[in-house]
Amino acid sequence: MPTARLYIVATPIGNLEDVTLRALRILKEVRFIAAEDTRRTKKLLNAYGIRTPLVSLYDQTERSRTPSLIRRLLDGQDVAYVADAGTPGISDPGYILVNGAIEAGISVVPIPGPTASIAALSVSGLPMHRFLFAGFLPNRSSARRRFLESLKEEAGTLLFYESPGRLQESVRDMAVVLGNRMAVVARELTKLHEEILRGTLDALLEQLSGREVKGEVVVLVGGHPGAGRDVSDESILLALEEARRGGLLSSRDLAAEVSRRLGVPKKKAYELIVRTADESDLS
Ligand code: SAM
């Protein structure tokens with residue numbers, strides 16, 4: 001059994017302070033770091049006085065370079081892999097390397113940290129109990145609309161990465177295919193010009209029109225509106241408990257809050273409140 005480990009290390013998505021103490025220790029201790037962009041990773045390493053040697057491994061070289069990295073791991077050298085930003089493998093290289101290591105019987109160790117989609121979801125105000133990360137949309141509008149069509153019935157919040165130049169076109173296609181749902185555009189997270197726009201897709205389109213959008217963006221769109229009907233009673237009861245702990249008391253407020261959080265009809269949440277109250281009266 002090989003003893004060396006492959007560490008998959010998440011790095012900041014903008015703000016260099018968003019790196020864990022463990023990530024810094026691992027980056028310091030491994031024999032070398034494989035990086036998607038060695039110049040960019042060097043900036044992070046310089047900021048923390050880390051001098052570990054770097055080798056490059058990006059999309060076009062991941063397949064050809066993986067075998068030599070695996071050989072070094074089998075020789076007993078610990079390796080860390082970092083992408084340009086965020087978590088490796090999430091719309092970034094890493095998948096082939098991780099699978100090469102698994103096949104060779106090498107332990108693959110996650111060093112968790114930022115990822116833009118989850119950071120955006122955490123402040124979106126959209127339901128978070130269920131979501132689907134869909135990565136980048138296709139470039140061409142016809143392919144993009146077909147792709148969106150395949151996501152139309154999804155109950156969970158949809159998470160997309162998008163380039164600023166295509167943002168308006170994509171939001172327009174989303175409104176056409178998915179309907180005028182609630183959505184969020186999260187731009188330049190953790191950076192100087194961080195901006196979170198919330199509203200319906202139509203309202204967002206209006207806010208974006210005539211504007212030159214710069215930087216990096218995540219787009220989130222609420223799930224299929226009727227899909228909350230499938231949420232289990234247990235999930236609703238948990239959400240009710242949480243809302244009660246958050247200070248809500250009246251059944252009407254509780255039902256509204258749970259409906260907003262889980263996308264379930266208010267009536268369903270209200271009926272469950274009444275039913276569980278009746279049951280506890282009987283016991
Ligand atoms: N591996 C990264 C992660 O874990 O989030 C994603 C890499 S992907 C090549 C780059 C895309 O992530 C950008 O086009 C943008 O959609 C999103 N992204 C990365 N950093 C971001 C940030 N600071 N703010 C908003 N979106 C960001």
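Biologist: In this predicted model, which residue places a polar backbone atom 2.9 Å from a nitrogen atom of the ligand?

Modeller: A polar contact here is a pair of N or O atoms within 3.5 Å, and a nitrogen atom of the ligand has such a partner in the backbone at 2.9 Å. The residue that supplies this polar backbone atom is Leu-189.

Biologist: How much of the ligand does the protein bury?

Modeller: Taken alone, the ligand exposes an area of 570 Å². Of that area, the share buried by the protein is 90%.

Biologist: Which elements give two or more residues to the shell around the ligand?

Modeller: The ligand takes up the space of the largest pocket, and 19 residues surround it, with Asp-92 and Tyr-161 among the closest. By character, the residues of this shell divide into 10 nonpolar, 4 polar and 5 charged. The elements that contribute two or more residues to the shell are strand S7 (157-162) and strand S10 (217-221).

Biologist: Between which domains does the ligand lie?

Modeller: The domain assignment of the chain gives domain 1 (5-114), domain 2 (117-225) and domain 3 (228-282). Because the shell around the ligand receives residues from both domain 1 and domain 2, the ligand lies between domain 1 (5-114) and domain 2 (117-225).

Biologist: How far apart do the C-alpha centres of domain 1 and domain 3 lie?

Modeller: Domain 1 covers 5-114, while domain 3 covers 228-282. The distance that separates the C-alpha centres of domain 1 and domain 3 is 44 Å.

Methods:
Residues numbered from 1 in each chain as written. Predicted model: local features only at pLDDT ≥ 70, side-chain atom pairs only at ≥ 80, totals over all residues. Heavy atoms only, no water. Near = heavy atom within 4 Å. Polar contact = N/O pair within 3.5 Å; in protein donor to acceptor, adjacent residues only side chain to side chain. Areas by Shrake-Rupley, 256 points an atom, 1.4 Å probe, with all protein chains shown as cover. 1 Å grid on protein atoms, 1.4 Å probe; cavity = no way out; pocket = protein on both sides within 12 Å on 5 of 7 lines; lining within 4 Å. Sits in = over half its atoms within 2 Å of the grid points. Helix = DSSP H or I, 4+ residues; strand = E, 2+ residues; numbered from the N terminus. Nonpolar A, V, L, I, M, F, W, Y, C, P; charged D, E, K, R; others polar. Domains from an automatic or database assignment.
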